[in-house]
Amino acid sequence: MKLVRYGAPGQEKPGMIDEDGALRDLSGHVADITGRAFEAGLMETLRGIDPATLPRVEGSPRIGPCVGDVRTFWAIGLNYTDHAEETGAAIPREPILFNKAASCIVGPYDDVILPPGSVEADWEVELALLIGKRTYRVSEAEASDAIAGYFVCNDVSEREYQLKREGLWTKGKCCPTFGPIGPWLVTPEEFGDAQDKSLWLDLNHKRTQTGHTSRMIFSVAHIVSYVSQFLILEAGDIITTGTPPGVGLGMEPNVFLKPGDEMRLGIDGLGEQRQRVVASPG
């Protein structure tokens, strides 16, 4: 099942992608696509709906973030062996956990806006997931029960803020528009094995990132279990699980985003994103 949110920013409606790839309106059945909705039984509601009976959405509406009402945006750093190698970092012994601000979330085709003075903005295609129920101190075997769905994330990062300023990585990860998610949220039964998916990113029509989730240092199940040992994951939290090699920071010389660039990225079964890079208006 592919779930989507469409419409103007802040006014998105819930939708579903049918077998023919058409967008169908779900607003007559559910208020929104959120973690709390999953916790309250959203899947039971959706399983009883024939997509062909839903109103077809005509035209080309904006596709918004595939998840609404995100509570906390967690992220895992250096989680691919080949990405750690390209940046010269040691292979982590435990998952590196940091935050992205929920305020950075935008739709999969929205512009990425460089903050004033940005000189080292970078791209990162990642597999992300939605937590669908309250989860604390679960085992890896139990972790899959907490996952409501998967989607593409572009963990846009300002490396100068992240690595050359004092303090945590977070300050280079949270600028407005630095968290495109979607286009769809795909339920686990349709997505299949999260550790057997290819992911990629093109910059200006040139392939820069090519990866496979089998190269993750820590699996999706391990990440959910690990994070839950330290805090309560709530329905509506999202976790993005790290990026494969091919980021601008790993190139020699470094390559960073500039106004006019275009990013296109995707993951098997989760669709594609596309963003234009623009300068901050002020």
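What share of the contacts in the protein chain with a separation of 6 or more comes from residues 24 or more positions apart? The figure is 76%, where a contact means heavy atoms within 4.5 Å.

Before going on, a word on the source: this is a predicted model, in which local features need pLDDT of at least 70 and side-chain atom pairs count only at pLDDT 80 or more, while totals for chains, interfaces and linings use all residues. Residues are numbered from 1 along each chain as its sequence is written, and side-chain values use heavy atoms, with hydrogens and water left out.

**The whole chain**

The protein chain has seven helices and 18 strands; helices (H or I, at least four residues) and strands (E, at least two) are DSSP runs, numbered from the N terminus. Its radius of gyration is 18 Å, close to the 19 Å that the globule rule gives for 282 residues, so the chain is as compact as a globular protein of that length. That radius is taken over C-alpha atoms, and the rule is 2.2 Å times the number of residues to the power 0.38. Along its principal axes, the C-alpha trace spans about 55 × 45 × 30 Å. Of the 282 residues, 57% are buried, meaning under 20% relative accessible area (exposed is over 50%, partly exposed in between; 1.4 Å probe, protein chains only).

**Strand 9 and its neighbours**

Take a look at strand 9, residues 125-131: seven of its seven residues are buried. Side chains in a regular strand alternate between the two faces of the sheet. Here Val 125, Leu 127, Leu 129 and Ile 131 point one way, while Glu 126, Ala 128 and Leu 130 point the other way. Strand 9 pairs with strand 10 and with strand 16, as the table shows; two strands pair if DSSP finds at least two bridges between them.

| Strand pair | Sense | Bridges | One bridge pair |
|---|---|---|---|
| Strand 9 and strand 10 (residues 147-154) | antiparallel | seven | Leu 127 and Val 152 |
| Strand 9 and strand 16 (residues 238-240) | antiparallel | three | Leu 130 and Ile 238 |
| Strand 14 (residues 198-203) and strand 17 (residues 262-267) | antiparallel | five | Asp 202 and Arg 264 |

**Trp 123**

In the loop between strand 8 (121-122) and strand 9 sits Trp 123. Why does Trp 123 count as buried? Because its relative accessible area is 0%. Its side chain makes a polar contact of 3.4 Å with the side chain of Thr 208; such a contact is a pair of N or O atoms within 3.5 Å, and within protein one must be able to donate a hydrogen and the other to accept it, with residues adjacent in sequence counting only if both atoms are side-chain atoms. A polar atom of the Trp 123 side chain also lies 3.0 Å from the backbone oxygen of Gly 246. Trp 123 and Leu 249 are 126 residues apart in sequence, yet 9.1 Å apart in space, C-alpha to C-alpha.

**A five-stranded sheet**

Five strands make an open sheet with mixed pairing, in the order 7-18-17-14-15. Its edge strands, strand 7 (112-114) and strand 15 (206-212), each pair on one side only.

**Cysteines**

There are zero disulfides in the structure, a disulfide being a pair of cysteine sulfur atoms within 2.5 Å. Cys 104 is in none, and its nearest cysteine sulfur, that of Cys 174, is 6.0 Å away. Cys 104 is buried, at 0% relative accessibility. For Cys 175, the closest cysteine sulfur is in Cys 174 at 7.5 Å, too far for a bond. Cys 175 counts as buried too, at 10% relative accessibility.
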